[in-house]
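Colleague: Please choose a single part of this structure and take me through it closely, step by step, and then show me what lies around it in the rest of the model.

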Amino acid sequence: RSSRERSRAMSAPRLAATACTALRFSGAGGAGAPVLRPLVRRATAVTAAQQASAWPSAGSRAMCSAAGSETPGSEASVPPKSKEDKLPSPEAEHVLSGADLSQASAPPKSKEDPRVYRPMTETVRTFLNPAHFFALLRSHGTTFFTGVPDSLLKDACAFITDHAPPGSHIIAANEGTALAAGAGHYLATRNIACVYMQNSGLGNTVNPLLSLCSDKVYSIPVLLMIGWRGEPGKKDEPQHLLQGRLTPSLLDQMNVPYEILPDYAEGAFAVLEKAYAYMRTEKAPFALLVKKQTFEKYSLKDDMGTFSGPDMLHREEVLERIISVFPTEPLITTTGFTSREIFELRAHKGQSHEQDFLTVGSMGHCSSIALGIAISKPQLSVLCIDGDGAAIMHMGALVTAGQAGLKNFKHVLINNAVHDSVGGQPTGGGNVDFTAIAKACGYRAAERASKVGDISAALQRLKETDGPYFLEIQVLPGARADLGRPTSTTHQNKDAFMAMLSRF
């Protein structure tokens, strides 16, 4: 039969599964998209009609699951009714009713009651398969991906990292440079790039969004995939709650239309149809807001050049050595796991938290905060504890710190070569000579340590030598599974830290 006749003969779930599979293996140019998109559209419509009249068979539900429409394993969550679960038989009802019903004529007996309860599919959690989402983007001609990883996007980002062809995926220094790279890709190819980020990174994109990609300036379409941390109604950290509440209005103010990315294949298909239609017509950016647990789980297959060795430490072990060498000096710690580990180390040792400023947000700005304190408190040695991803995000701060030439400014960079707290994607820090950069920026001294036997001596030299002094410590990736969060509020942390500084 012709392909049209074969497609009409398919059940809707089977058609959806076939189309999604074809999309997954479609070429980079998305040559099959004109055929595949109508197939998915028809499957979606037919499926809706079927569900309005009757619950699909077990085989159909399995096909829907294969197409990414249900949670993996959800088929098993709706077991068939056992004999004990059937409605009461006429005899049982007669016995329970008593003598008043004894004269009533009983209905004919049947061997099996065909009536069953409809499964409550509305309670089944759905997830979007990263492979299907990746294939849908490619079917629209998107073959270039760039951005800064986010915990809500980690499954999709991990899939892109593992499956994007060489040269088609760049983990950027910050969200603004990612957007600029996506714009450059469009200028060279006329194809729309996908730029991913956490919503806290929107601030880094304001300039290129308004002065480069806007339809009032160069009119360059880019698909923004934004992890919606601090989504209203969801528990999150203070630095995310405000950002989450303001994210939609920030996009509105920058004239960037957006849609929430659905967590099932047909919904994602429809939203992407709308997004690409807008971008191709208006030649302007469009944003997808991604809620918590939208994507199905996917883990990176490659360690992407992380450090390893029997004589290396984890970050928390290095932090323990730092607070032993610098027991009373002000510490300004970077975002992510570093600040959380410092807080728990202090609590475990029964030490005060007053000398620690925990930079729970503001990625990349830790060294600049420390520099401002060092300028204002020249009698104190001020220690910045930075991370590789954060330092790379705003590496220009090294120039500022180096040129300031402050003797009391000490800069420790703990380098594990990954964005540890948002999924473990590589930062590129494993291939960066940070000490050479620090020296070139004007730091008086810079050194590197990675072996357990060298770290304590390097920290002692950091303490005894005038700054600006830069120490890179290379560590193993990862953190404790039971790592908690600070139990004090951000305001309490700030007030205690300021009270400590006021004594000097």
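Modeller: Before we start, one term has to be fixed: two residues are in contact when heavy atoms of theirs lie within 4.5 Å. Please keep in mind throughout that this is a predicted model.

The part I have chosen is Asn416, which is found in the loop between strand S10 and strand S11, the latter covering residues 418-419. Is Asn416 buried or exposed? Its relative accessibility is 3%, and because buried means under 20%, Asn416 counts as buried. If we set aside the neighbours within four places in sequence, Asn416 is in contact with Thr306, Phe307, Arg315, Asp388, Val475, Leu476 and Pro477.

From this loop we can step back into S10, residues 409-415, which runs parallel to strand S9, residues 382-387, and is joined to S9 by six bridges. One pairing to look for is that of Val382, whose bridge partner in S10 is Phe409. As a general point, strands of a sheet pair through backbone hydrogen bonds, and they do so either parallel or antiparallel. Here S9 and S10 belong to an open sheet of six strands, with parallel pairing and the order S8-S7-S9-S10-S14-S13. At its edges stand S8 (356-358) and S13, and since each has a single partner strand, one side of each is left without a neighbour in the sheet. On average, neighbouring strands of this sheet are turned by 15° against each other, with direction ignored.

Two helices can now be placed against this sheet. Helix H13, residues 337-349, packs on it by touching strand S7 (331-333), S8 and S9, and the direction of H13 makes about 140° with that of S8. Helix H19, residues 490-502, lies across S7 and S8, and runs at about 150° to S8.

The edge strand S13 deserves a second look, for four of its five residues (445-449) are buried, so S13 is largely enclosed by the rest of the structure. S13 runs parallel to S14, residues 469-474, and five bridges join the two strands, with Glu447 standing opposite Leu471 in S14. To get from S13 to S14 the chain passes through helix H18, residues 452-464, and this β-α-β crossover is right-handed.

Next come the nonpolar cores, for which one general tendency is useful: in soluble globular proteins, nonpolar side chains tend to be buried together. The largest nonpolar core of this model has 33 residues, and Phe133, Leu223, Met225 and Phe295 are those with the most contacts inside it. At least two residues of this core are supplied by each of helix H6 (130-139), H7, S3, S4, helix H11 (265-282) and S6, while the largest share, seven residues, comes from H11. Phe295, leaving aside its neighbours within four places in sequence, has contacts that include Phe133, Leu152, Ala156, Met225 and Val290. Apart from this core lies another, of 26 residues, among them Leu313, Leu358, Leu462 and Val475; Val475 is also one of the residues in contact with Asn416, so this second core leads us back to our starting point.

For comparison, let us look at a second sheet. It is an open sheet of six strands in the order S2-S1-S3-S4-S6-S5, and its pairing is parallel. Its edge strands, S2 (169-171) and S5 (258-260), each pair on one side only, and the twist averages 20° from one strand to the next. S5 pairs with S6, residues 286-290, in the parallel sense over three bridges, and the bridge partner of Glu259 in S6 is Leu288. Helix H7, residues 154-163, lies across S1 (145-147), S2, S3 and S4 (223-227), and runs at about 125° to S2, whereas H8 packs on the sheet by touching S1, S3 and S4, its direction making about 170° with that of S3.

H7 also packs against H6, at an angle of about 65° and with the two axes 9 Å apart, and H6 passes H7 in a right-handed crossing. In this meeting, Pro130, Ala131 and Phe134 of H6 come up against Asp155, Ala156, Phe159, Ile160 and His163 of H7.

Note on methods: Residues numbered from 1 in each chain as written. Predicted model: local features only at pLDDT ≥ 70, side-chain atom pairs only at ≥ 80, totals over all residues. Heavy atoms only, no water. Buried < 20%, exposed > 50% of the residue type's maximum accessible area, 1.4 Å probe, protein only. Pairing = 2+ DSSP bridges. Right-handed = clockwise from strand over helix to strand, strands pointing away. Axes fitted to C-alpha atoms, helices over the stretch in contact; angles between N-to-C directions. Core = buried A, V, L, I, M, F, W, Y, C linked by side-chain atoms within 4.5 Å. Left-handed = near helix turned anticlockwise from the far one by under 90°.
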